Amino acid sequence: MSRTRAPAALAVPAIAAVALVVLPLAYLVLRAAGGGVDAFEVLGRPGTLTLVGKTLALVAAVTGTAVLLGLPLAWLVARTDLPARRLFAVATPLPLVIPSYVAALALLGAFGPRGLLQQLLEPLGVERLPEIYGFVGAWLALTLSTYPYVFLLAGAALRGLDPALEDAARGLGRSRWGVFRRVTLPALRPSLGAASLLVALYTLSDFGAVSLMQYNALTRSIYLQYRSLFDRTPAAVLALVLVALAAALLVLEERSRRGVRASARGAERPPTTIPLGAWRWPAFSFCAAVVTFFLVVPLTVLVYWTVRGVELGHGIAFAWEAALSSVSASALAAVIAIVAVLPVALLAERYPARWTRALERLAYTGNALPGIVIALSLVFFAANYLTPLYQTLALLVFAYIVRFFPQALAGVESALHAVHPRIEEAARSLGHGPLRVLATVTVPLIRRGLLAGAALVFLNAMKELPATLLLRPIGFETLATEIWKYTALGSYSRAAPPALLLILVSAPFVYLLAARRGSDVSAPG
Amino acid sequence: MRKVTVLAVAALLGVSAGCGGDDDAGANEKLVVYSGREEELVEPLFDRFEQETGIDVEVRYGDSAELAATIAEEGDNSPADVFFAQDPGSLGAVEREGLLAKLPQAALDRVPARFRDPDGHWVGTSGRSRVIAYNTDALTDDEVPDSIFDLTDPKWKGKIGIAPTNASFQAFVSAMLLELGEERTRAWLEGLKANDPKRYEKNLPVVEAVAVGEIELGLVNHYYLYLAKEENPDAAVANHFLTGEDPGALVSVAGAAILETAEHADAAQHFVEFLLSDASQRFYVDEAEEAEYPLVAGIDAKAGLPPLDSLQGPQIELDDLGPELEKTLELLNEVGFTT
């Protein structure tokens, strides 16, 4: 591997991008420092340690489940002759777009006390379902929101995998399972690591699901400080605890990555389809079960609420204009985010040095922060130092990019990791400049990762609420704000139509960005 | 990739077309309101104000506390002229940042002294009472306790619902602390805890749980009943108002304030006066689905509600609730209600 110095053309934009992404951290340090030593008193409270423990337990459970569901789903959809796999390719990642508070509401509507399931079982004499509030509910709701990360990133990696390797291993007499364990899985390692990281950070930062499920995670006490005490200092200190936890996870993931080297990826060839044989229908049942639980059930609850709204005379008004706003702002954010992460990813992957890796890790840390913290930090900087931009669409898109930069980064990086630098070096040796190599060799090879990253940013931005509420131009309604307008009132029957619309309009984008198989993607160049 | 680019460009065009009206070239006067009150509830008031005055109202809706934090972060650069908030706590927080202007005495005098800031920085615009919501299938009105102190009776074990992390419950505990002191408040909280109350995130889920019989009693604000009935007209739930100086009868308000830095100060003043006009106060009686109390003298509450004068509640200053909250949270935490 070449150990050349990073070119300034890459280093400067990368540093600039990360500097913007860590603005919220700068804000937190500012706020925490402003409170003096007293500010840190909140850390010494006996409850704080319990909160950290509970938060970490949730992170571990959600991350583990997300991988256990997302990885087999990705493999089945990307590589096998699974029945109805195109349908699964779109349906499986779709729960990602359901805002976590809506996911939690829908799960409560289905499995909560007096929910749909219990009403169904009532004639059979079932009077009480197992308690969903607390850990179980938070775990289920967050798994719903996060297993698609693993599905999308592992799926992109599986589609980009050079089948020659697996063929060779098969030729050497390895069993299918042996091939998967010794060849496929190691090749997936970077994308699994990146996806687990995103899942863990998402769980750390989530407030919607834990608050509705009444699970006491750190974010709940951060919100408590803001909402009840109006005290921004302890909130900032607690948010820094989240950052510290994120940093620990980041170091852990980086360590576990050491020594894993990408397999050389050669010529473009669609991956082979593995026949499932007798396992076809059991595999189908598994996929169907996951999609039923995490997509069909919430959809059913939303449809049920919509119908009840019609019965109550609310009528159904689909907020198409809000849908257009959501799609526009989210698509803009996705495209710009992908461009912005490229230099950071290239630097970290192609010029590995202590500082380039540190820069890349730094870009992830803010992802552990709850949306309100990021929103308020941008309020602070923009209102006071960028007044003309404050509460404009540009700032809102910027906020989405800051919040979801790591999602784009993970997509691009895991794809980049799977491309051996020697391919680029070969192109360079043929006399092409670095930019030309980037455009004609690297980007086409990693396009699935780019698309997966874009999909992650897009779907997350579609459901973003806290920053949208505070930073949008006045009167700019998105589907997320439409949903909030009614959930804030507790009017589920009126919140359901925009929530359904959110899922509906996101589906074609999921298809375009992430669901097509290798052979469907038009050849590069 | 190409398709994605095309989509993005189309999106960009769509957005720029959609937000063309952003630059206020019109000669109309403008007013910027940060509203912690829900759009569904107060939008008609804004519309009416626009019609009556010709002033363009731009409203940013959000959570009251988050908007208060936003105004604090914006500091002197806040674009907001008026802060229209759900609770005295949010208004008080902005006041303590020194960001609120003093309201004209004439506006303040429209409402009784107990429903406004003693320093004149904010004024209540509508009221709400704490009540005990009860399941009408399980209980008659007579069987519902007349004081929150009866709720520690073991016969209510497992049958009470509360929302201890919600601002309205916390305000009620703060009021209790201010009126009765820590010892009695702690004793009551511990007694309540011993009765295994079910906990919910917000008031409305409490009312809904009462309605379906998951619990029999719920400590909530009176108007959630109407919101629950809106969702389900047959809901088996009713309000029981407490009397006298029982802390469970706390009456709190939503209110409005003008920012010190308001660019459109005249329009802002106009708007606050408008909110306190007889016509706007009647809005809460005749039109608003959630049946809040009008605060201006001479305008009676919606039929079926006990008159505002008959609701006493604890003798405390609403503006003192905010500063008391830290102690309240500590107490709730110690008793084990928030963990």
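These exercises work through helix packing, a chain contact, a domain contact and one residue in a predicted model.

Residues are numbered from 1 along each chain as its sequence is written, and chains are lettered from A and ligands numbered from 1 in the order in which they are written. Because the model is predicted, local features need pLDDT of at least 70 and side-chain atom pairs count only at pLDDT 80 or more, while totals for chains, interfaces and linings use all residues.

**Exercise 1.** Describe how α6(B) and α11(B) are arranged.

*Solution.*
- Find the helices: α6 spans residues 167-194 of chain B and α11 spans residues 321-335 of chain B. Helices (H or I, at least four residues) and strands (E, at least two) are DSSP runs, numbered from the N terminus.
- Take the axes: they come within 10 Å and cross at roughly 5°. Axes are lines fitted to C-alpha atoms, for helices over the stretch in contact, and angles run from 0 to 180 degrees between N-to-C directions.
- Classify: α6(B) and α11(B) are therefore roughly parallel. The cut-offs are under 35 degrees for roughly parallel, over 145 for roughly antiparallel, 65 to 115 for roughly perpendicular, and oblique for the rest.
- List contacts (C-beta atoms, placed from the backbone, within 7 Å). Residues of α6(B) that meet α11(B) include A171(B), L178(B) and L189(B). On the α11(B) side, L325(B) and L332(B) are among them.
- Sort by class: this contact has 12 nonpolar, four polar and five charged residues. Ala, Val, Leu, Ile, Met, Phe, Trp, Tyr, Cys and Pro count as nonpolar, Asp, Glu, Lys and Arg as charged, and the others, Gly among them, as polar.

**Exercise 2.** Work out which element of chain B gives the most to the side that touches chain A.

*Solution.*
- Count residues: chain B gives 45 and chain A gives 46.
- List elements with two or more residues on the chain B side: α1, α2, β2, α3, α6, α8 and α11.
- Pick the top one: α1(B) gives the most, with nine residues.

**Exercise 3.** Describe the contact between the two domains of chain B.

*Solution.*
- Set the bounds, which come from an automatic or database domain assignment: domain 1 is 30-127 + 252-305, and domain 2 is 128-250 + 318-335.
- Place the C-alpha centres: they lie 26 Å apart.
- Count: domain 1 gives 17 residues and domain 2 gives 13.
- Name the largest share on the domain 1 side: α4(B), with four residues.

**Exercise 4.** Is E230(B) buried, exposed or partly exposed?

*Solution.*
- Locate E230(B): helix α8 of chain B.
- Count and decide: E230(B) has 18 other C-beta atoms within 10 Å, so E230(B) is partly exposed. Buried needs 20 or more, exposed 12 or fewer, and partly exposed is in between, with C-beta atoms placed from the backbone.
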